[in-house]
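Colleague: Got a minute to take me through this one? I'd like to know how you name things before we start.

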Amino acid sequence: MPDLSTINPIVLIASLMVAATPILLAGIGELVVEKAGVLNLGVEGMMITGAVAGFAIAVTTGNPYVGMLGAVAAGALVSLIFAVLTQVLMANQVATGLALTMFGLGFSALLGQAFVGVVPPLTPKLSFGPLSDIPVIGRILFSHDILVYVSLLVVALTWFWLNKTRGGRILRAVGENHESAHALGYKVRRVRILAIAFGGGCAGLGGAYLSLVRVPQWTEGMTAGAGWIALALVVFASWRPWRVLIGAYLFGGIMVLQLNLQAAGFRIPVEYLSMSPYLITILVLVVMSSNRGRASLSAPGSLGKPFHAAG
Amino acid sequence: MKRRTLLASSAMALGLAATVGTGARASGNTPLKVGFIYIGPPGDFGWTYAHDQGRLAAQEYFGDSVETSFVENVPEGPDAERIMTQMALSGADMIFATSFGYGPSINAVAQRFPNIAFEHATGYLQEAPNVSLYNARFYEGRAVIGHIAGRMTQTNVVGYIASFPIPEVIRGINSAYLHARAANPDVDFRVVWVYTWFDPAQEAAAAEALIEQGADMIMQHTDSTAALTVAQQRGVSAFGQASDMSQFAPEAHLTAIIDNWAPYYIKRIQERLDGTWAAGNSWNGIAQDEVTFAPFNPRIPADVQAEATAMIESIRTGAYHPFTGPINRQDGTAWLAAGEVAGDDVLGGLNFYVEGLAGEIPS
């Protein structure tokens, strides 16, 4: 008979945090983009660009941290293609976002050809001295690499910035009603371009986490849909930063838990668990599609709508 | 080539028809156009990589008389049907579709284009006279790595990353288990179904979960090299899938089952050129060099290497079949009597575990 005690819950929690970090980073970035009223479906493309750029730079410089910074820059750079097309040239956001994903997948495959089979420099776990030796908490909280902490910090700062600062309120105003924000004299286009670049940087970092820490190797198409999960996550979280964190750990947790249960010999409905993030998101979307539901889920009012400055 | 791939996959995902092939060449005869449909990217170093190696070998063998092209990352379902139709319309003479789930699509397209030769890897549906099936006896390879794993495991736990519960995968698990247990009666298999052919993060997480459960041998029926990388990091052993993956895990990689499609592709394209092509059902293995092995890691003890080599040779000569009775089903009922060999029809639809394997096959 399978034995539940062979699954160590502490290791499980620690590994779900690692599994969730890529979608958490990409999700929190996309949340800011959508809070500014822009729907960027190119998360997958920005992630994979970050994955290959971070990997290539880390290998070339021998330093994983330089690689991660490079991934942020690369993600932000490709997102600016989207920004220029949708904010300056007024292209359709949905189509441009999808095109960005395809561009990222193809472009990264091209860039990554020289890096297939290369071993990246190791990203060390941070040392917290005696803290890491505390039972239970030490393993869960003080045994990770830097990006796990960075991702948590980004969530906290995003929450603080969106809710407690003037800049954050301007961004939300732009996302809720761009006509009013414009009438008040806010630079709608500039705010949105900056938000898109932030989203790109976060997605790039999430991708680099996959190629430098999670797997670690470069393989064509290695994000394998993580960008779509991150998009789903934002809807699931109904545009609240802390819920993105909860959602990411929930989605990551389901994945890690079901794999561990299987490895321990339990019979579980894998086929349903594998699609659960998508099912949950479809459910949220259904609720959202009714107008009352949309308001109660607090979707930004101008989400996905093009903005023409009228004079 | 890369740019064309990029364009093709972009067009595909956009929901437009993917255009394949570059038109006839100026020099005299029109080359035979052969299209390939891939489920993943040729850079996966696994399943699709192996097919692409076969395509490249065929291209080199035939030179100017054949023109090959491919579309990568084609999802199973309506997308596959659309892309095959487009290939057919743009003048393909022969189409190789290299994933199990393309079955319904390939048969639908084949009925509309009776003059095109269709070849479906690992399939079972043959609803048109121009659909041919081909597969390789990977279970022969899995018998060999099962033996190595059984002989080398210290913890007596072998971890197995499985993709989808289809006969191809179940056959592999059964074959590996039977031969691991024959080498080591205490061996225990842990099977994790990941429900994907290619997702490096998921495969890495599965490998980690298995190692947490004590596995010191990792086998996979998925296409990426992620599990190998994890095995290398965690200091356990693993087996490559579809191609030599040793560069990703020099110590961990014990050997790999290599899918060598080149002989089949060259033979079938030649038949198409000669006009002798006819639909068939090919299932070659070690004997035809369609299943080969990566060089053994020196970490495999000499006696185990010798045993593995002997097993390979006895399969090659036909003296030994990996599914030779007595073998019981998981529920204890008899499947094969002593000395009885499983027929291809039974193996082709294998949907149960053999006795000793724990857990259930997901439905």
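Modeller: Sure. Helices (H or I, at least four residues) and strands (E, at least two) are DSSP runs, numbered from the N terminus. Residues count from 1 along each chain as its sequence is written, and chains are lettered from A and ligands numbered from 1 in the order in which they are written. It's a predicted model, so local features need pLDDT of at least 70 and side-chain atom pairs count only at pLDDT 80 or more, while totals for chains, interfaces and linings use all residues.

Colleague: OK, chain B then. Which strands does α8(B) lie across?

Modeller: α8(B) lies across β6, β8 (217–220), β9 (237–242) and β10 of chain B. Contact means C-beta atoms, placed from the backbone, within 7 Å of each other. The helix runs at about 165 degrees to β9(B). For angles, axes are lines fitted to C-alpha atoms (for helices over the stretch in contact), and the values run from 0 to 180 degrees between N-to-C directions.

Colleague: And what's the strand order in the open sheet with mixed pairing?

Modeller: Six strands, in the order β7-β6-β8-β9-β10-β12 of chain B. Strands pair here if DSSP finds at least two bridges between them. β7 and β12 (291–293) of chain B are the edge strands, each pairing on one side only. On average, neighbouring strands of that sheet are turned by 20 degrees against each other, direction ignored.

Colleague: Remind me what holds strands together in general?

Modeller: Backbone hydrogen bonds, in either a parallel or an antiparallel arrangement.

Colleague: Parallel or antiparallel for β6(B) and β7(B)?

Modeller: Parallel, with six bridges joining them. Val157(B), for instance, has Asp188(B) in β7(B) as its bridge partner. At the other end of the sheet order, β10 (residues 253–259) and β12 of chain B run antiparallel over three bridges, and there Asp259(B) is partnered with Val291(B).

Colleague: Is β6(B) enclosed or open?

Modeller: Largely enclosed by the rest of the structure, because five of its six residues are buried. Buried means 20 or more other C-beta atoms within 10 Å of a residue's own, exposed means 12 or fewer, and partly exposed is in between, with C-beta atoms placed from the backbone.

Colleague: Let's zoom in on Val191(B). Where is it found?

Modeller: In strand β7 of chain B. Val191(B) is buried, with 27 other C-beta atoms within 10 Å. Leaving aside neighbours within four places in sequence, its contacts are Tyr160(B), Ala162(B), Ile173(B) and Gly359(B).

Colleague: What lies across β6 and β7 of chain B from the other chain?

Modeller: Helix α11 (residues 241–263) of chain A, running at about 155 degrees to β7(B).

Colleague: So how many residues go into the A–B contact?

Modeller: 38 from chain B and 34 from chain A. On the chain B side, α1 (2–13), β7 (188–193), α7 (200–212) and α8 (226–234) each supply at least two residues. The largest share, ten residues, comes from α7(B). By class, that side has 19 nonpolar, twelve polar and seven charged residues. Nonpolar covers Ala, Val, Leu, Ile, Met, Phe, Trp, Tyr, Cys and Pro; Asp, Glu, Lys and Arg are charged, and the others, Gly among them, are polar.

Colleague: Changing topic: what's the domain split in chain B?

Modeller: Domain 1 is 2–136 + 261–284, and domain 2 is 139–251 + 291–348. Those bounds come from an automatic or database domain assignment. The C-alpha centres of the two domains of chain B lie 29 Å apart, and 14 residues of domain 1 are in contact with 14 of domain 2. Helix α2 (residues 47–62) of chain B gives the largest share of the domain 1 side, four residues.

Colleague: And which strands make the open sheet with parallel pairing?

Modeller: Six of them, in the order β2-β1-β3-β4-β5-β11 of chain B. Its edge strands are β2 (66–71) and β11 (281–284) of chain B. β1 (residues 32–37) and β2 of chain B pair over six bridges, with Ile37(B) opposite Val71(B). α2(B) packs on the sheet, touching β1 and β2 of chain B, and its direction makes about 160 degrees with that of β2(B). Helix α3 (residues 78–89) of chain B lies across β1, β2 and β3 (94–97) of chain B, at about 170 degrees to β1(B).

Colleague: Last one: how many residues of α5(B) are buried?

Modeller: 14 of the 15, so α5(B) is largely enclosed by the rest of the structure. The helix (residues 138–152) reaches 21 Å from its first C-alpha to its last, close to the 21 Å expected, where expected is 1.5 Å times one less than the number of residues.

Technical notes:
Contact = placed C-beta atoms within 7 Å.
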